[in-house]
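Here are my notes on the model you asked me to look over. They are set out as numbered points.

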Amino acid sequence: MKNILVTGGAGFIGANFVHYWMEHYPNDKVVVLDALTYAGNIANLDSVKDKDNFTFSHGDIGDQALVESLLNDHNIDTLVHFAAESHVDRSITGPDAFIETNIIGTYSLLKAAKKIWIDNPKRTGEEVKNHRFHHVSTDEVYGTLSATDPAFTENTAYAPNSPYSASKAASDHLVRAYHHTYGLQVTTSNCSNNYGPYHFPEKLIPLVITNILHDKALPIYGDGQQIRDWLYVEDHAYGIDLVLNKGRVGENYNIGGNNEWANIDIVKAISLLVEKEFQKDLSLARRFPKALNAIAQTTKSLITYVQDRPGHDRRYAIDATKTKNELGYFPKESFQTGIAKSVQWYLNNEAWWQSVMDGSYQDWIKEQYSQFHN
Ligand code: NAD
Ligand code: DAU
C-alpha cells in the first residue's frame with residue numbers, strides 16, 4: 001500500500017492519473033497538491049473528492065513548508081510530480097512562470113523531499129527508506145527530429161528548443177542530481193503528446209474539436225507537416241504505474257504511443273470523426289447549432305494556415321524499447337478507439353470545456369493571436 005502525493009493532480013494528466021490510481025489501487029491514500037492555475041480545475045476530481053482516502057490541498061509546489069507538512073502529516077512515501085506550466089505557446093509569450101514553477105518549484109519540492117525523507121525523518125521504518133520521487137517529464141527535452149532520424153531513446157542528448165522544454169530539461173537535471181548527490185530515490189518518465197478527457201482546449205486536439213463545434217477556424221501552424229507521437233492519457237498513467245512498481249531507481253523511462261501523425265492529418269481525421277458523430281446522432285445539430293456539421297456541411301473550410309510557432313520542433317518520436325523490455329509496457333488503447341472516446345467525451349462534456357475556456361483563457365488567446373499569429 002502506498003501513500004501518494006500527486007502534484008498538479010487537478011490538471012489534465014494529473015487528474016487522469018488520480019482516477020486511474022484510485023480505481024486500480026483503492027486502498028492507497030492519495031493527496032493532491034495543486035495551485036489551481038488556469039489549467040487546474042477542481043471539477044476534474046469530482047468523482048473522487050468525497051472518498052475517505054482522498055485529500056485535496058490547494059497550494060503551490062514552491063511552498064516548501066506546506067509540502068513538508070503534507071509529506072509528514074499523510075505519511076507520504078511516493079510523490080508523483082506533474083505540476084508544471086505545460087503549454088509551449090505560453091512559454092514563448094511569457095516564460096517567467098515556466099522558470100518559476102518548472103525549475104524553482106521542482107527544486108523546492110526536491111528540497112522538501114530530501115529534508116523529510118533523508119535528513120530529518122520523523123518517521124522511521126520502511127515507508128521512509130523506500131520513498132520514491134517520480135518526476136513526470138516530456139519527450140520535448142530531446143529537441144527535434146528530421147523525418148528520417150531514429151526516435152528518441154533515453155540516451156538521446158538533451159537539446160530543448162522552447163522555454164517550456166528548457167525548463168523541463170532543467171528540472172530533469174535537478175531531479176537526477178538529487179539522486180546522485182543526496183541519494184533521493186528518483187525515477188523520471190519522458191512521455192510523448194497525450195490526448196483524452198480533461199485536455200485543456202488550448203492544445204491541438206481539444207482545440208480542434210471545440211472549434212469545430214463553435215464554427216471557429218482550425219489554426220494550422222506553418223505547413224502543418226510537424227509530427228507528434230500521440231498517446232491516450234490513460235496509457236501514460238499505466239506507464240507511470242509500471243515505473244513506480246517495477247522501475248529502477250535513478251533511471252529514466254520513455255513512454256510513447258508509437259503513433260506518429262502530421263498535424264494537418266490529425267486535424268482532418270478529427271474533422272471527419274466529428275462529422276460522422278453528427279450523422280449518427282441527430283441531437284448534436286440541436287446542441288451545437290453553430291457547427292457546419294449541423295447543416296450537413298464539412299468543416300474543411302475551417303482549416304486555416306497561420307504563422308508558425310517560433311522555434312517550432314519539426315518531429316517528436318519516442319522509442320520506448322527500454323520501458324517495454326524492462327517493465328512490459330505497451331499502450332493498451334489504439335489511436336482509433338482513443339480518439340473516438342475523446343471526441344465523445346468533448347461532445348458529452350460541453351459544460352466542462354465551456355467553463356475552462358471562460359475568463360483568463362479568452363484574454364490570453366486574444367493576446368496570443370495578436371503576438372505571433374496572422
Ligand atoms: P496541465 O497544464 O494540464 O496541468 C498542470 C497542473 O499543474 C494544473 O492543475 C495546475 O493548476 C498545476 N500547477 C501549475 N503550477 C503549479 C504550482 N506552482 N504548484 C502547484 N500546482 C501547479 O498539464 P498536463 O498537460 O497535465 O501536464 C502534466 C505534466 O506532464 C507536466 O509536467 C508536463 O510537462 C508533463 N507532460 C505533458 C504532456 C502532454 O502531452 N500534455 C506530455 C508529456 C509530459
Ligand atoms: O510532446 C509532449 C508535449 O506535448 C508536452 O510536453 C506539452 O506539455 C504538451 O503541451 C504537448 O506539446 P505540443 O506543443 O506538441 O502540443 P500542442 O497541442 O500545443 O501542439 C501540437 C502540435 O500542433 C504542435 O506541432 C503545434 C501544432 N498546433 C498547435 C496548436 C495549439 C497547431 O498547428 N495549431 C494550434 O492551434
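The points below take the two ligands in turn and then one pair of helices.

1. The model is predicted, and the remarks here should be read with that in mind.

2. Ligand 1 has 29 residues around it, and those that come nearest are Ile13, Asp34, Ser86, Tyr164 and Lys168. By class, this shell consists of 13 nonpolar, 12 polar and four charged residues.

3. Polar contacts to ligand 1 involve both backbone and side-chain atoms. A nitrogen atom of the ligand lies 3.1 Å from a backbone N or O atom of Ala35, and a nitrogen atom of ligand 1 is also 3.1 Å from a side-chain N or O atom of Asp60. An oxygen atom of ligand 1 sits 2.9 Å from a polar backbone atom of Phe82. On its own, ligand 1 has 840 Å² of accessible area, of which the protein covers 96%.

4. Which elements supply at least two residues each to the shell around ligand 1? They are helix H1 (12–24), strand S5 (132–138), helix H6 and strand S7 (193–195). S5 gives the most, with three residues.

5. Around ligand 2 there are 23 residues, with Ser86, Asp139, Tyr164, Arg309 and His312 coming nearest. Ser86 and Tyr164 are also among the residues that come nearest to ligand 1. The shell of ligand 2 divides into nine nonpolar, eight polar and six charged residues.

6. Two acidic side chains make polar contacts with oxygen atoms of ligand 2: an N or O atom in the side chain of Asp139 is 2.5 Å from one, and a polar side-chain atom of Glu140 is 2.8 Å from one. A nitrogen atom of ligand 2 lies 2.7 Å from a backbone N or O atom of Pro219. The protein covers 94% of the 690 Å² of accessible area that ligand 2 has on its own.

7. Helix H7 (204–214) and strand S8 (218–221) each contribute at least two residues to the shell around ligand 2. The largest share, three residues, comes from S8.

8. How do helices H4 and H6 lie relative to each other? The axes of H4 (residues 96–119) and H6 (residues 163–182) come within 8 Å and cross at roughly 15°. Angles under 35 degrees count as roughly parallel, so H4 and H6 are roughly parallel to each other. The crossing of H4 past H6 is right-handed. H6 is also one of the elements that supply at least two residues to the shell around ligand 1.

Note on methods:
Residues are numbered from 1 along each chain as its sequence is written. Chains are lettered from A and ligands numbered from 1 in the order in which they are written. This is a predicted model: local features need pLDDT of at least 70, side-chain atom pairs count only at pLDDT 80 or more; totals for chains, interfaces and linings use all residues. Side-chain values use heavy atoms; hydrogens and water are left out. A residue is near a molecule or strand if one of its heavy atoms lies within 4 Å of it. A polar contact is a pair of N or O atoms within 3.5 Å; within protein, one must be able to donate a hydrogen and the other to accept it, and residues adjacent in sequence count only if both atoms are side-chain atoms. Accessible areas come from the Shrake-Rupley method with a 1.4 Å probe; for residues, only the protein chains shown count as cover. Helices (H or I, at least four residues) and strands (E, at least two) are DSSP runs, numbered from the N terminus. Ala, Val, Leu, Ile, Met, Phe, Trp, Tyr, Cys and Pro count as nonpolar, Asp, Glu, Lys and Arg as charged, and the others, Gly among them, as polar. Axes are lines fitted to C-alpha atoms, for helices over the stretch in contact, and angles run from 0 to 180 degrees between N-to-C directions. Angles under 35 degrees count as roughly parallel, over 145 as roughly antiparallel, 65 to 115 as roughly perpendicular and the rest as oblique. A crossing is left-handed if the near helix is turned anticlockwise from the far one by less than a right angle, and right-handed if clockwise.
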